[in-house]
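Reader: Hi! I have a structure open on my screen and would love to go through it with you. Could you help me find my way around?

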Amino acid sequence: MDLEVDLLIVGAGPTGLFAAYYAGFRDLSVALVDSLPEAGGQITAMYPEKMIFDVAGFPAVRGRELVTALVAQADQWSPTYLLGRQARTLSSVDDRLEVGLADGAVVRAGAVLITAGIGEFKPRPLPAGDGWMGRGVVHFVPTLNVHTGQDVVVVGGGDSAFDWALALHPIAKSVTLVHRRSTFRAHPPTVRQVRDLGIEIITDAEVLELRGDESVAEVELGLKGGDRKVLPAQTVVAALGFTADLGPIESWGVELDHRAIVVDTTMRTARDRVYAAGDVAQYPGKVKLIATGFGEAATAVNNIAVVLNPAAHLFPGHSSNAG
């Protein structure tokens, strides 16, 4: 099924969802396309149960609750969602842009806003976990209560590893964090919080073997000096980071800088009528925060509105004055 809209947003994470709301506020018809099957981007795929602390107006908000609110906000204007569908090609036809999807459908739009975050991402595997995915080894924890009463081993030293340890601690029978180094990439306050809760942290250690019948039952660690240690575990969270790339977007004629898209102050890319916002956008002094993406989405949409209708005002007035 082909579709025609004023604005196509590529990426249905927080920045894309807020852009959809703002596009509706500017009276633009809008569609969002995302290769993931649900809206919310990395939040939905990677940490729906984690608390987020840097969204303005919320001392703390759970990931899935933020996504639910953003979807409700965008849905005021009835955007079209094209989820589980990858955007592959971009071409210019007359005064329109045509985006070809992996399933053969074509979306025609007056402008395209890329809010693809880090792009397509793949978790880094746990070497000893080969064959154990779905049998106790996971990369993310979409639902916490599944792990109630379990012994959980979290492998990694970054923010995600420590965040999962904090989230699982209140409900798991035990949580042990294992890292191959003695230093961590996670924020020091988060590390202190984990230590203060008494969560066991084993450093200078690597996972040598997972054992069990139908699913994981125990984890054998190799320790510094050659010693070994066996831990009970019904779940192993492999929080080892991920690799990411922009996929087909890299061939869309935009200027790239370290897997990010270079934009100007209007969020416009090197290609006419193609804009970018959120983590995927790059300019001097850029700070990658959800809050930053929200502001960039509004900037991009307001400038797109003027491009599509030169008689429109760049600043539409405050939304509190509407209705």
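Reader: Let's start with charges. Which residues are linked in a network of salt bridges?

Author: Happy to help! One thing to keep in mind is that this is a predicted model. The network of salt bridges links Glu 209, Arg 211, Glu 218, Glu 220 and Arg 228.

Reader: How far apart are the closest N and O atoms of Glu 218 and Arg 211?

Author: They are 2.8 Å apart, and the two residues form a salt bridge. Arg 211 also meets Glu 220 in a salt bridge, at 2.5 Å from N to O.

Reader: Is Glu 220 buried or exposed?

Author: Glu 220 is buried, because its relative accessible area is 8% and the cut-off for buried is under 20%. Glu 218, at 28%, is partly exposed, and Arg 211 is partly exposed too, at 25%.

Reader: Nice. How many salt bridges does a search of the whole structure find?

Author: The search finds 11. One of them joins Arg 96 to Glu 4, with the closest N and O atoms 3.3 Å apart. That pair links distant parts of the chain: Arg 96 sits in strand S7 and Glu 4 in strand S1, 92 residues apart.

Reader: And where do positive charges gather on the surface?

Author: Look at Arg 124, Arg 180, Arg 181 and Arg 185, which form a patch of positive charge there. Arg 124 belongs to the loop between strands S9 and S10, and its relative accessible area of 40% makes it partly exposed.

Reader: Switching to helices: how many residues of H1 are buried?

Author: 12 of its 12, so H1 is mostly covered. Among them are Leu 17, Phe 18, Tyr 21 and Phe 25.

Reader: What span should H1 have, and how far apart are its end C-alpha atoms?

Author: With 12 residues at 1.5 Å each, H1 should span 16 Å, and its end C-alpha atoms are 17 Å apart, which agrees. Just after H1, Asp 27 takes a positive phi of about 65°.

Reader: Which residue in the loop between strands S6 and S7 should I look at for backbone angles?

Author: Try Asp 94, which is in that loop. Asp 94 is not a glycine, yet has a positive phi of about 55°. Most residues other than glycine have a negative phi. Asp 94 is also exposed, with a relative accessible area of 78%.

Reader: And what is the phi of Arg 273?

Author: Arg 273 has a positive phi near 65°. Arg 273 lies in the loop between strands S20 and S21 and is partly exposed, at 22% relative accessible area.

Conventions:
Residues are numbered from 1 along each chain as its sequence is written. This is a predicted model: local features need pLDDT of at least 70, side-chain atom pairs count only at pLDDT 80 or more; totals for chains, interfaces and linings use all residues. Side-chain values use heavy atoms; hydrogens and water are left out. Patches are made of residues with over 30% relative accessible area and no salt bridge: like charges are joined within 9 Å, nonpolar side chains (Val, Leu, Ile, Met, Phe, Trp, Tyr) within 5 Å. Accessible areas come from the Shrake-Rupley method with a 1.4 Å probe; for residues, only the protein chains shown count as cover. A salt bridge is a side-chain nitrogen of Lys or Arg within 4 Å of a carboxyl oxygen of Asp or Glu. Lys and Arg count as positive and Asp and Glu as negative; His and the chain ends are not counted. The place of a charge is taken as NZ of Lys, CZ of Arg, CG of Asp or CD of Glu. Helices (H or I, at least four residues) and strands (E, at least two) are DSSP runs, numbered from the N terminus. Buried means under 20% relative accessible area, exposed over 50%, partly exposed in between (1.4 Å probe, protein chains only). The expected span of a helix is 1.5 Å times one less than its number of residues.
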